[in-house]
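Here is a short report on one protein chain. It starts with the whole chain and then turns to a few local elements.

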Amino acid sequence: METFLSEDGFFSHGLEGEVISRAGHTSERISALIGGDQMIGDDEQYAVAMTLLAGELGIPARVVMGFYPAEEQEGAAEFTATGDNIHAWVEVNFKGFGWVQFDPTPPEDQVPNDQSTKPRADPKPQVLQPPPPPQEPADLPPTLPDDRESDDESLNIAGIIAMILAIGGISLAVIALLASPFIVIGAWKASRRRSRRSAERTADRISGGWDELTDRAVDYGARLEPGATRGEEAALVASSLSVPVVTTLAEKADADVFGPSDPTQEEVDAFWKQVDEIVVGLGSNVGFWKRMKARLSVRSLMDGSGVSNGLRTLKDAATARIRREPGTIENSTSEAPESETS
């Protein structure tokens, strides 16, 4: 029985990477081990199977469980037992000898090649067989598909995806590059607004609010003269942008800045609220593109600088020269008598 089980059976714990082998030693599991096409199991199933076979023949046998030390620990006085060391075997009681050990479990390297390992041969009596009939020409197996086409398709898809990502990255970089000046302009204006709103003295916050209003007016096309007073600036803004309320706001700014005491924070908040309302009104009176042009304008950022004054001087000189050119409306009248005389 030991030889039958250990030589004709195959070993497997049923772990990952091994041939399927169910655990346990129920009667159904042992029947499947013995009655299947092939015997596959570990020491638990083989020890129980041999004990049951011996019992069927009236041989006293028992299953014993214990630990086998590892090879490097054999002969040592003690060793550490783990789940990897536990095993099962069979002991048979012989009169005059006692319980003798048997191990019906196949070696661990005795494994089937795959799940379809051929079953053990079942020899039958030899009988004279008739000659085999003529064989038909063998059908050749179908040609295996060429995987290179699928590989090429995978490479093409990967290349398309990489190209799309590259184009998307380049597009984002171009957009970021084109948008960077506008981002810088917006951040610059926001920074000036914060510094004006959070000035140390409340009077300076009032002055900053007026400067914020005139900057937005300049962005919308108002042309203010350098060194003009708030009243003069208010008159220019009111006439060019049709915002008469700025005159009253300029008078309030002068009163708060030049008054006998600094304005309160409540007065500062109220003044800035009026400034924001006027700025919103400037945008509501024009179209979308003019609002965008005003937001992206650098006139207010450059107003009063040397570059701005130089550009304004060049523009005024060019305008004056155009007016003096022959053929213009202003010069045609004065030159007509002279041309008639000639």
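## Chain overview

In the protein chain, take the contacts between residues at least 6 apart in sequence: 60% of them join residues at least 24 apart. The model is predicted. The chain holds 12 helices and 5 strands.

Of the 342 residues in the protein chain, 26% are buried. The exposed area comes to about 24000 Å². Carbon and sulfur atoms supply 59% of that area.

## Helix 2 against helix 3

Helix 2 covers residues 27–35, and helix 3 covers residues 43–56. The two pack with their axes 10 Å apart. The angle between them is about 85°. Angles of 65 to 115 degrees count as roughly perpendicular, so helix 2 and helix 3 are roughly perpendicular to each other.

Which residues of helix 2 meet helix 3? They are Arg 29, Ile 30, Leu 33 and Ile 34. On the helix 3 side, the contact involves Gln 45, Tyr 46, Val 48, Ala 49 and Leu 52. By class, this contact of helix 2 with helix 3 has 7 nonpolar residues, 1 polar and 1 charged.

## The hairpin

Strand 4 spans residues 86–94, and strand 5 spans residues 98–102. They pair in the antiparallel sense over 5 bridges. Within this pairing, Val 90 of strand 4 stands opposite Phe 102 in strand 5.

Strand 4 and strand 5 form a hairpin, with 3 residues between them. Gly 96 sits in the turn. The phi of Gly 96 is positive, at about 90°.

## The sheet and its helix

The hairpin strands also belong to an open sheet of 3 strands. The order is 3-4-5, and the pairing is antiparallel. Which strands stand at the edges? Strand 3 (61–67) and strand 5 do. Each has a single partner strand, so one side of each is left without a neighbour in the sheet. From one strand to the next, the twist averages 40°.

Helix 3 packs on this sheet. It touches strand 3, strand 4 and strand 5. The direction of helix 3 makes about 15° with that of strand 4. Angles under 35 degrees count as roughly parallel, so helix 3 and strand 4 run roughly parallel. Helix 3 thus has two partners described here: helix 2, met through residues including Tyr 46 and Leu 52, and the sheet.

Notes. Residues are numbered from 1 along each chain as its sequence is written. This is a predicted model: local features need pLDDT of at least 70, side-chain atom pairs count only at pLDDT 80 or more; totals for chains, interfaces and linings use all residues. Side-chain values use heavy atoms; hydrogens and water are left out. Helices (H or I, at least four residues) and strands (E, at least two) are DSSP runs, numbered from the N terminus. Buried means under 20% relative accessible area, exposed over 50%, partly exposed in between (1.4 Å probe, protein chains only). Contact means heavy atoms within 4.5 Å. Accessible areas come from the Shrake-Rupley method with a 1.4 Å probe; for residues, only the protein chains shown count as cover. Axes are lines fitted to C-alpha atoms, for helices over the stretch in contact, and angles run from 0 to 180 degrees between N-to-C directions. Angles under 35 degrees count as roughly parallel, over 145 as roughly antiparallel, 65 to 115 as roughly perpendicular and the rest as oblique. Ala, Val, Leu, Ile, Met, Phe, Trp, Tyr, Cys and Pro count as nonpolar, Asp, Glu, Lys and Arg as charged, and the others, Gly among them, as polar. Two strands pair if DSSP finds at least two bridges between them.
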